[in-house]
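I opened this notebook to keep track of what I looked up, entry by entry. I begin with charged pairs, then turn to helix packing and the core.

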Amino acid sequence: SEMCKETGLYIDQMGGTGAVSRICEVSSAAVSQWRRYGIPHARLQFLRERLKNQKLLEQAQALIAEVK
């Protein structure tokens with residue numbers, strides 16, 4: 001389904017099944033289930049916050065590199 005494709009793309013953006021399982025401290029089998037049935041709401045909120053913080057960190061590093 002369309003939701004499954006979007007979920008899979010989101011997991012891939014976060015670094016793939018293994019990376020997401022380490023970030024969320026769950027098994028890779030659990031993340032594989034998320035690809036099929038969707039990411040649980042609480043985990044999705046956690047991942048969104050994590051991704052937002054990662055983007056902010058990358059932006060800050062790029063600014064620092066420009067100053068140097």
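Entry 1, a charged pair within one helix. I looked up Lys-52 to begin with, and at a relative accessible area of 43% this residue is partly exposed. I keep in mind that the model is a predicted one, in which side-chain atom pairs count only at pLDDT 80 or more. The side chain of Lys-52 forms a salt bridge with that of Glu-49, at 3.4 Å from N to O. Glu-49 is likewise listed as partly exposed, its relative accessibility being 39%. Both residues belong to helix α4, and because they are 3 residues apart there, about one helical turn separates them.

Entry 2, the other charged pair. I asked how many salt bridges the structure holds, and the count came back as 2. Besides the pair in my previous entry, I found Arg-35 and Asp-12, whose side chains meet at 2.7 Å, N to O. Arg-35 is in helix α3 and Asp-12 in helix α1, so this salt bridge ties together parts that lie 23 residues apart in sequence. Are the two partners buried, partly exposed or exposed? Arg-35 has 24% relative accessibility and therefore counts as partly exposed, and Asp-12, with a relative accessible area of 44%, is partly exposed too.

Entry 3, α1 against α3. Having seen a salt bridge between these helices, I looked up their packing, and I noted an angle of about 145° with the axes 7 Å apart. On the α1 side the contact is made by Met-3, Cys-4, Thr-7, Gly-8, Ile-11 and Asp-12, and on the α3 side by Val-31, Trp-34, Arg-35, Arg-36 and Tyr-37. Sorted by class, the residues of this contact are 6 nonpolar, 2 polar and 3 charged.

Entry 4, Thr-7. I singled out this residue of helix α1 and asked whether it is buried or exposed; with a relative accessible area of 9%, Thr-7 is buried. Setting aside neighbours within four places in sequence, I found Thr-7 in contact with Trp-34, Arg-35, Gly-38 and Ile-39.

Entry 5, Trp-34 and the core. With the neighbours within four places in sequence again left out, Trp-34 is in contact with Thr-7, Ile-11, Val-20, Cys-24, Val-26, Ile-39, Pro-40 and Arg-43. I then looked up the largest nonpolar core, which has 13 residues, and Trp-34 is among those that touch the most other members, together with Tyr-10, Met-14, Val-20, Cys-24, Ile-39 and Leu-47. The elements that contribute two or more residues to this core are α1 (2-13), α2, α3 (28-37) and α4.

Entry 6, α2 against α4. Which angle do these two helices make? The axes of α2 (residues 17-24) and α4 (residues 41-67) come within 11 Å and cross at roughly 100°, which means that α2 is roughly perpendicular to α4. I recorded Val-20, Ile-23 and Cys-24 of α2 as making the contact with Arg-43, Phe-46, Leu-47 and Arg-50 of α4. By class, this contact has 5 nonpolar and 2 charged residues, and no polar ones.

Entry 7, Ala-60. My last look was at Ala-60, which is placed in helix α4 and, at 35% relative accessibility, counts as partly exposed. I compared its position with that of Val-31: the two are 29 residues apart in sequence, and their C-alpha atoms are 30 Å apart in space.

Definitions and conventions
Residues numbered from 1 in each chain as written. Predicted model: local features only at pLDDT ≥ 70, side-chain atom pairs only at ≥ 80, totals over all residues. Heavy atoms only, no water. Axes fitted to C-alpha atoms, helices over the stretch in contact; angles between N-to-C directions. Parallel < 35°, antiparallel > 145°, perpendicular 65-115°, else oblique. Contact = heavy atoms within 4.5 Å. Nonpolar A, V, L, I, M, F, W, Y, C, P; charged D, E, K, R; others polar. Core = buried A, V, L, I, M, F, W, Y, C linked by side-chain atoms within 4.5 Å. Buried < 20%, exposed > 50% of the residue type's maximum accessible area, 1.4 Å probe, protein only. Salt bridge = Lys/Arg side-chain N within 4 Å of Asp/Glu carboxyl O.
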